[in-house]
Amino acid sequence: MAVVGFDLGFQSCYIAVARAGGIETVANEFSDRCTPSVVSFGSKNRAIGVSAKNQQITHANNTVSNFKRFHGRAFNDPFVQKEKEKLSYDLVPMKNGGVGVKMPKGDLF
């Protein structure tokens with residue numbers, strides 16, 4: 001039997017498989033074992049990891065990174081209000097009072 005583990009961090013993510021007495025960290029499409037925690041949204045597609053990180057400069061408004069720090073916080077939290085001014089993407093309140101991301105196309109994530 002194999003077990004898969006996910007480590008979702010602020011800056012990067014790791015995926016590992018434990019089987020047959022050993023643990024193997026899974027490499028991404030760039031043969032790197034560390035994948036950046038970044039998502040970029042285009043008009044017809046999404047990019048994740050290294051591809052999305054490469055688009056942070058040219059498509060900053062469509063690229064989300066470091067979002068994990070807002071998980072579990074209320075939109076009205078002073079920390080969220082202070083940090084949202086520093087972001088290239090827009091934070092919006094969700095129906096449950098949490099934090100969401102509004103992309104330029106109008107989609108909420």
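The lining of the largest pocket in this predicted model is made up, by class, of 17 nonpolar, 8 polar and 3 charged residues. The pocket itself has a volume of about 690 Å³. Its lining counts 28 residues, and those closest to the pocket centre are Leu8, Cys13, Ser37, Val38 and Val39. Six strands, listed below with their residue ranges, each give two or more residues to this lining.

| Strand | Residue range |
|---|---|
| S1 | residues 3-8 |
| S2 | residues 12-19 |
| S4 | residues 35-36 |
| S5 | residues 38-41 |
| S6 | residues 46-48 |
| S7 | residues 63-65 |

Set against these ranges, Leu8 falls in strand S1 and Cys13 in strand S2. Val38 and Val39 belong to strand S5.

The pocket strands are part of a chain whose secondary structure comes to 2 helices and 9 strands. Read from the N terminus, the order of elements is β-β-β-β-β-β-α-β-α-β-β.

The overall dimensions come next. Along the principal axes, the C-alpha atoms fill a box of roughly 45 × 30 × 20 Å. The chain has 109 residues, and 29% of them count as buried. Its accessible surface is about 7,500 Å², and carbon and sulfur atoms account for 54% of that area.

Contacts within the chain can be sorted by separation in sequence. Taking those between residues at least 6 apart, 29% join residues that are at least 24 apart.

How values were computed
Residues numbered from 1 in each chain as written. Predicted model: local features only at pLDDT ≥ 70, side-chain atom pairs only at ≥ 80, totals over all residues. Heavy atoms only, no water. 1 Å grid on protein atoms, 1.4 Å probe; cavity = no way out; pocket = protein on both sides within 12 Å on 5 of 7 lines; lining within 4 Å. Points joined across faces, edges and corners; volume = space filled by probe spheres on them. Helix = DSSP H or I, 4+ residues; strand = E, 2+ residues; numbered from the N terminus. Nonpolar A, V, L, I, M, F, W, Y, C, P; charged D, E, K, R; others polar. Buried < 20%, exposed > 50% of the residue type's maximum accessible area, 1.4 Å probe, protein only. Contact = heavy atoms within 4.5 Å. Areas by Shrake-Rupley, 256 points an atom, 1.4 Å probe, with all protein chains shown as cover.
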